[in-house]
Amino acid sequence: MQSVELHAHSSLSYDGRDPVELLLEQASGVGLDALAVTDHDEIDASLRAAELAPEYGLVGIPGMEVTCAAGHVLALGIQEAIPPHLPFDETLDRIREQGGLAVVPHPFQESRHGVLEHISKDELATADAIEVYNSRLLTGRSNRQAERFARRRGLPMTAGSDAHIAEMVGQAVTNVGTDERTVEAILDAIREGKTTVEGKRTPWRISFRQAAGGAKRRVKNGIAELLQ
């Protein structure tokens, strides 16, 4: 059994704060076996994290959080960035063309780019897995909806901290049923539904700090672009 964080953001995300080294240090410190850095529409930091991961005793899973036309999709196990704003089905195809795993995070929360505002539940069921526990939801309702949906459709289930600061890595963990410590074995076991999830909600003060920090960075980036 491998304990895996599948949803974390570095400073390369517009709303992330910390370099990958701090995320890896936290993941190792809380006893995880593997970490996927999933920045918004960026992959460079994730590839670096995957390269550095063995130094921290971890398996590094390369990936990103793609902003497709319908909302957010986690692309795990890829090596090249998936372009944003493609249709949902094409985004899944692009991920799979690279041998990757397409996981839909927080699908029932439209306010955070959940895909169900723009696609049907039948389309959602074509994903490889559904994130059924996301630590950053303010209530548990959307998580429960996602879990009920995944169970009814027989879809693999994952959890993710959706960490935007290092100390939140490991808040929500996917336990993956494999003894082999490789990216391929972990992703294959998720595809086969050999997972259990556990987690706890991100404290509201941390969520507020993350949101405030992201807003501040967006303003700074906007000013920098105007001055170019």
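Start by selecting helix α3, residues 88-97: its buried residues are F88, T91, L92 and I95. Buried means under 20% relative accessible area, exposed means over 50%, and partly exposed is in between, using a 1.4 Å probe and protein chains only. Helices (H or I, at least four residues) and strands (E, at least two) are DSSP runs, numbered from the N terminus. The buried residues of α3 cover an arc of only 100° around the axis, so they are on the same side of α3. That arc is the one of the directions from the helix axis to the C-beta atoms.

The model is predicted: local features need pLDDT of at least 70, side-chain atom pairs count only at pLDDT 80 or more, and totals for chains, interfaces and linings use all residues. Residues are numbered from 1 along each chain as its sequence is written, and side-chain values use heavy atoms, with hydrogens and water left out.

Stay on α3 and turn to its other side, where D89 and E97 are exposed. Then add β4 (63-67), β5 (72-76), β6 and α4 to the selection, since the buried residues of α3 pack against these elements. Contact here means heavy atoms within 4.5 Å. After α3 comes G99, with a positive phi near 80°.

Next, select V66, which is found in strand β4. Is V66 buried or exposed? V66 counts as buried, because its relative accessibility is 0%. Leaving out residues up to four places away in sequence, V66 touches D41, G71, H72, V73, A75, I82, P83, P84 and T91. T91 is also one of the buried residues of α3. Now show T38: its C-alpha atom and that of V66 are separated by 8.7 Å, with the two residues 28 residues apart along the chain.

Move to Q109, in the loop between β6 (101-104) and α4 (121-124). Q109 has a relative accessible area of 16%, so it counts as buried. Which residues does Q109 touch, not counting residues up to four places away in sequence? They are G114, L137 and S142.

Another loop to select is the one between β7 (129-134) and α5 (141-153), where R136 has its place. R136 is buried, with a relative accessible area of 17%. The C-alpha atoms of R136 and P203 are separated by 8.3 Å, and these residues are 67 residues apart along the chain.

Now select two helices together, α1 (residues 20-29) and α2 (residues 44-52). Their axes come within 10 Å and cross at roughly 45°. That angle makes α1 oblique to α2. Axes are lines fitted to C-alpha atoms, for helices over the stretch in contact, and angles run from 0 to 180 degrees between N-to-C directions. Angles under 35 degrees count as roughly parallel, over 145 as roughly antiparallel, 65 to 115 as roughly perpendicular, and the rest as oblique. To see the contact, show V20, E21 and L24 of α1 with A45, R48, A49 and L52 of α2. By class, this contact has five nonpolar, no polar and two charged residues. Ala, Val, Leu, Ile, Met, Phe, Trp, Tyr, Cys and Pro count as nonpolar, Asp, Glu, Lys and Arg as charged, and the others, Gly among them, as polar.

The last helix on this tour is α6, residues 183-191, with buried residues V183, A185, I186, L187, A189 and I190. Just after α6, G193 takes a positive phi of about 80°.

Finally, show the whole chain, which has seven helices and ten strands. Of its 228 residues, 55% count as buried.
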